[in-house]
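Okay, thanks everyone, I'll keep this short. Let me put the structure up and then talk you through a few spots.

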Amino acid sequence: MRPHLFVGRAETPIAFVESVSGGVRLKALDREAVRAGLEPGLTLADARARVPELEVYEHDAHADHEWLERLADGCQRYTPSVALDEPDGLILDIAGCVHEFEGERRLAADLEERLARRGLLVRHAFGDTPDTARALARYAGAPAPDEKRAVKRLPVAALGLDVDATTALSRAGLKTVGDVMARPLATIAARFGEDAAMMIRRLDGSVKGPIVARRTVPRIGVERRFAEPIARTEYALEILAELATEAVAQLADRHEGGRRWEARLFRADGLVQRLRIETSQATRDVTLLMRLLRERIDSLADPLDPGFGYDLVRLDVALAERLDASQLKLEGGEARKGEVAQLVDQLGTRLGRVRVRRFSARDSHIPEQAELLLPAAEAPAPTPWIAPETSEPPLRPIYLFDPPQPIQSIMAEVPDGPPHRFRWRRTVHDVAHSEGPERIAGEWWRRQDIPTRDYYRIEDRRGRRFWIFRHGLYSEMEAPRWYLHGIFA
Amino acid sequence: MNESSALIARLKRIATTGMPTQGDGRPDDAWLTQGMAKAQLHEVFATVDDAASAAGFSVASILAARAAPVMWMRTEASERQGGRLHATGLVEMGLDVSSLVLVSVEDETSLLRAAADAARCHGLGTLLMESWGRAPKIDLTATRRLMLAAEASGVTILNLRIGAEPVPSAAASRWQVAACRSRPLEADAPGKPAFDIELLRRRGGQAGLRWRVEWDRDANIFDHTVFDQTAFASGDSAALPGTGIPVAADRAVADDAAASVRRSG
């Protein structure tokens, strides 16, 4: 599934195709395509003949699976027990989990709304067993007064048998699951196989199929409850330090370190105060964590207010990553790097992550777009910068104005040269040396009407070196303007 | 463990650079090839018009001292008035920008606070603080704190003051930087970065020295010899000193020289 394809799209039918023996066939369709009369299994040539505007993508079962896994992860907000029903279903065991949502309908509505926001169309059904829920969700037609009767009205396809068995059932005049249930089980088993009989028993509830829940590693979370609420923030911090020590011990057992942590202070009157911290490297360093937590508290707009006291303090490791003991024994350069990373975390926690940044190279020839400043805590592996040519002076300024600053050309030289004299910030600069033009065309594949820039490196009579450009060629416009884009050292 | 690795780093530093507080024992022009003394606080002053020269000189000094990695802190006023830093240009000065961490702070109060943390970080080579305007909070007390932190951690701190007047401070040295005309290349193109440097003050050493230097990125040193015999200095080589000359005595001569340079250019 490619969710972004479906969000907010107009009526172009979409199909996913798969190469099978005998040609390319449709594998999955969107609503529009179904409405246009297509169905899975059709050859692409046929489908194209019927619906010429069909948009076609390669079916990627692996991506589908990953997407489903991610949805399943998301569904763990409702219940820890989520099973995949490949290729496009999820089974949630919500027994005992609905109290938070005041009933299963509210839970389903919440889930549907979340998925709809991602452009997903969902059908859901409740069932006493996973199998009835699954069958109802996939095959339910007309509404029925209760679950039993709803199951009986399901078409025989809901039994999930192979194509031959399903056809055989229909030929025998058994159209619905109810029809099949009305027959003696032994006959069904003898005629249509043991699987059919088993499925019937599962659907009528006499046998309960298990939910094969995905094995998930529970997140590490430690907490302390207090019969007598604690009213001092300082004491709460001590508790957090103890909790951090416990969490770190658990992480060490798993050979992991935490990268994202969340401390929650539950006040007796119901208010929850959250402190989130993040480090750029996985860590098991309690001192560091406590320092970051204190930074976070210092940077809060409203200071921590214990009010009547906290009766529950909890620390969760929201994101853990592999961290072997050997990685901790850093030497020399690595140790220094680690210290800088700690400093980056500390400053980022206090000032905000977007204020502590690193440069990252980007593939653009437009100077102001050629580089990107990313938060240092999450900057990707350093990108190689193009080494300057030996014995060449710098060709790019160290300070860049964005947007470029307009300058007033007082005396232009020849049409294709830089000005002789220009005014910038109320100061007149006489150009002594210049080099150029270096022509940088606009990104014409994005927009047509961007004028070309002709750049000049110039030095004025006092030794100040500037990077200026004429915005537009004389052939493009009548009186192109001049801008100062940067200053050299 | 943290402590021991810090100690190792410190010992290494001492082994490679001599004593950690060498500040005063070095020859006057040691900074040309070795950069400014490490583990100290230095001040670099420049007018608003010479901001880029001062920043370029600071970067070059860091490179000469081989004092990477660098953390560059700027106030919002710096960013607004001086323009933003351009990585490609810094790379062309010779700086490895992949190890550069850029910190943007609101004003000089948060600049000092963030700097106090960074100054204690053993992993850092140089902390470059850039502020614009008078910045009265960066005073004797604040600089003394920074100096102490620098001596303890081994971080070199360059305090870049654009458009500010010197006030009493605890810095080991104070420099004034201005743009200087480069030696033009073929076809009259502007040449390598050149600076007009004045050592205004220096703890326990001679002050009032003046140099005219070119930054040699390939060799990682400031070159002061080039200005002696070039066409640039036509006829007034005495005024373009190869070694420092006391400015107090020669101020008039130096000014004269500048004037004649303008004429010849």
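I'll go through a sheet in chain A, then one arginine, then the contact between the two chains. Keep in mind that this is a predicted model.

So, the sheet. In chain A, 3 strands make an open sheet, ordered S2-S1-S3, and the pairing is mixed. Who's at the edges? That would be strand S2, residues 23-29, and strand S3, residues 55-58, of chain A. Each of those has a single partner strand, so one side of each has no neighbour in the sheet. On average, neighbouring strands here are turned by 40° against each other, ignoring direction.

Now the pairings themselves. Strand S1 of chain A, residues 14-20, runs parallel to S3(A), and 4 bridges join them. With S2(A), S1(A) runs antiparallel, and there we have 6 bridges. As a quick reminder, strands in a sheet pair through backbone hydrogen bonds, in either a parallel or an antiparallel way.

A nice residue to click on is A:Phe16. On one strand, S3(A), A:Phe16 stands opposite A:Tyr57, and in S2(A) it stands opposite A:Ala28. Next to that, A:Ala15 has A:Val56 as its bridge partner in S3(A). And how many residues sit between S1(A) and S2(A) in their hairpin? There are 2, and A:Gly22 in the turn has a positive phi of about 95°.

Okay, moving along the chain to A:Arg259, which is in strand S7 of chain A, residues 256-267. Buried or exposed, this arginine? Buried: A:Arg259 has 20 C-beta neighbours inside 10 Å, and a residue counts as buried at 20 or more, so that's why it gets the label. Leaving out residues up to four places away in sequence, A:Arg259 touches A:Glu278, A:Thr279, A:Ala282, A:Leu319, A:Ala320 and A:Glu321. Also, A:Thr283 is 24 residues away in sequence, but the C-alpha to C-alpha distance to A:Arg259 is 6.5 Å.

Last bit, the interface. We have 52 residues of chain B in contact with 52 residues of chain A. On the chain B side, the elements giving two or more residues include helix H1 (2-17), helix H3 (51-65) and helix H6 (108-118). The largest share there, 7 residues, comes from H5(B). By class, that side has 27 nonpolar, 15 polar and 10 charged residues.

There's strand pairing across the chains too: strand S10 of chain A, residues 356-361, runs antiparallel to S4(B), with 2 bridges between them. If you want to find it on screen, look for A:Arg357, which stands opposite B:Leu102 in S4(B).

Methods: Residues numbered from 1 in each chain as written. Chains lettered and ligands numbered in written order. Predicted model: local features only at pLDDT ≥ 70, side-chain atom pairs only at ≥ 80, totals over all residues. Buried ≥ 20, exposed ≤ 12 C-beta atoms within 10 Å, placed from the backbone. Contact = placed C-beta atoms within 7 Å. Nonpolar A, V, L, I, M, F, W, Y, C, P; charged D, E, K, R; others polar. Pairing = 2+ DSSP bridges. Axes fitted to C-alpha atoms, helices over the stretch in contact; angles between N-to-C directions.
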